[in-house]
Amino acid sequence: MIVTMIVVCEVGFWVLLAAGLGARYLLRMPRLGAALLLCEPLLEVLLLVVSAVDLKNGAEPSWRHGLAAIYIGYTVGHGHRTVKWLDAHAAHRFDGAPRPRPPRYGMARARHEGAVWFGTLIAGSVASVLLLAAIRYVGDAGDTAKLEASIVGVWRAVGIHGLIALSYTVWPKKDPHDGPEKTPALSARDREGSAARDREGSAGRPS
């Protein structure tokens, strides 16, 4: 049941997102679009309630409950960024707004990657809080080893993503178009003219 609810929430997320953007840019009803987008957090609340009820009814804690917590955490940490990114593309497609282009090089790219990792940090924190709450809720009545393993897996993923984001600061990606400035070579005619001027200047100076 938990996996089914995760699938339902994922499908519902994209359906509400498409409906909200469609109402905003195709139907020109921004308030309705905003209302539909604001309904998305209700899906995570529903999944949380279903998971809690499942545990209350005596279900053995498993990787499914861990996956539900991770899904909720990911949505909290990255859902807003996903909606904002797709909204910018819809504005470009239907309203003529500039095409959204995230930075690709230098420290601007490093800051962008750091912001994305911060979303992953939030996701990991939310998932861990939910998993710890589930462990405390189950107590000694069931085996919580899989829930504890989910927490370890979450922070392993956060750490790996953090190292990848940090690499853009330590080794910033360089723009291939920003090569070292080179002094243009003088042509043969320019060299001859310069040499002639030098000779004339030497001849005009008193010895």
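Tutor: Before we start, contact here means heavy atoms within 4.5 Å of each other, and the structure we are discussing is a predicted model.

Student: How many helices and how many strands does the protein have?
Tutor: From the N terminus on, the elements of the protein run α-α-α-α-α-α-α. The count of elements in the protein is accordingly given as zero strands and seven helices.

Student: What percentage of the contacts in the protein with a separation of 6 or more comes from residues 24 or more positions apart?
Tutor: The protein has 207 residues, of which 31% are buried. Among its contacts with a separation of 6 or more, the share from residues 24 or more positions apart is 74%.

Student: Which helix supplies the largest share of the largest nonpolar core?
Tutor: This core has 19 residues, and those that touch the most other members are Ile-6, Cys-9, Phe-13, Leu-17, Leu-47 and Tyr-71. At least two residues of this core are supplied by each of helix H1 (2-25), helix H3 (40-56) and helix H4 (63-95). The largest share, nine residues, comes from H1.

Student: Which residues does Ile-6 touch, not counting residues up to four places away in sequence?
Tutor: Ile-6 is one of the residues that touch the most other members of the largest nonpolar core. Beyond four places in sequence, the residues that Ile-6 touches are Leu-47, Arg-64, Leu-67, Ala-68 and Tyr-71.

Student: How many residues make up the other core, the one with Leu-55 and Ala-134 among them?
Tutor: This core lies apart from the largest one, and Val-138 and Leu-147 are also among its members. The number of residues in this other core is eight.

Student: Is Met-5 buried or exposed?
Tutor: Met-5 has its place in helix H1, and, leaving out residues up to four places away in sequence, Met-5 touches Leu-46, Leu-47 and Val-50. The C-alpha atoms of Met-5 and Ser-51 are separated by 9.1 Å, although the two residues are 46 residues apart along the chain. The cut-off for a buried residue is under 20% relative accessible area. Because the relative accessible area of Met-5 is 14%, Met-5 is buried.

Student: How are H3 and H4 oriented to each other, roughly parallel or roughly antiparallel?
Tutor: H3 and H4 pack with their axes 10 Å apart, at an angle of about 170°. Angles over 145 degrees count as roughly antiparallel, so the orientation of H3 to H4 is roughly antiparallel.

Student: How many charged residues does the contact of H3 with H4 have?
Tutor: On the H3 side the contact includes Glu-40, Glu-44 and Asp-54, and on the H4 side it includes His-65, Tyr-71 and Thr-75. By class, this contact has seven nonpolar and three polar residues, and the number of charged ones is three.

Student: And are H3 and H5 roughly parallel or roughly antiparallel to each other?
Tutor: The axes of H3 and helix H5 (residues 106-138) come within 11 Å and cross at roughly 20°, and the crossing is right-handed. Angles under 35 degrees count as roughly parallel, and therefore H3 and H5 are, to each other, roughly parallel.

Student: How many residues in the contact of H3 with H5 are nonpolar?
Tutor: In this contact Leu-48, Ala-52, Leu-55 and Lys-56 of H3 meet Leu-130, Ala-134, Tyr-137 and Val-138 of H5. By class, the contact has one charged residue and no polar ones, and the number of nonpolar residues is seven.

Student: Which residues in H6 are met by Trp-63, His-65, Gly-66 and Ile-70 in H4?
Tutor: H4 and helix H6 (residues 145-170) pack with their axes 8 Å apart and at an angle of about 40°, in a crossing that is right-handed. The contact divides into four nonpolar, three polar and one charged residue. Its members in H6 are Lys-146, Leu-147, Ser-150 and Val-154.

Student: Is His-78 buried or exposed?
Tutor: His-78 lies in helix H4 and touches Val-116, Gly-119 and Thr-120, not counting residues up to four places away in sequence. Residues under 20% relative accessible area count as buried. Since the relative accessibility of His-78 is 8%, His-78 counts as buried.

Student: What is the phi of Arg-28?
Tutor: Most residues other than glycine have a negative phi. Arg-28 lies in the loop between H1 and helix H2 (30-38). Although Arg-28 is not a glycine, its phi is positive, at about 55°.

Notes. Residues numbered from 1 in each chain as written. Predicted model: local features only at pLDDT ≥ 70, side-chain atom pairs only at ≥ 80, totals over all residues. Heavy atoms only, no water. Core = buried A, V, L, I, M, F, W, Y, C linked by side-chain atoms within 4.5 Å. Buried < 20%, exposed > 50% of the residue type's maximum accessible area, 1.4 Å probe, protein only. Helix = DSSP H or I, 4+ residues; strand = E, 2+ residues; numbered from the N terminus. Axes fitted to C-alpha atoms, helices over the stretch in contact; angles between N-to-C directions. Parallel < 35°, antiparallel > 145°, perpendicular 65-115°, else oblique. Left-handed = near helix turned anticlockwise from the far one by under 90°. Nonpolar A, V, L, I, M, F, W, Y, C, P; charged D, E, K, R; others polar.
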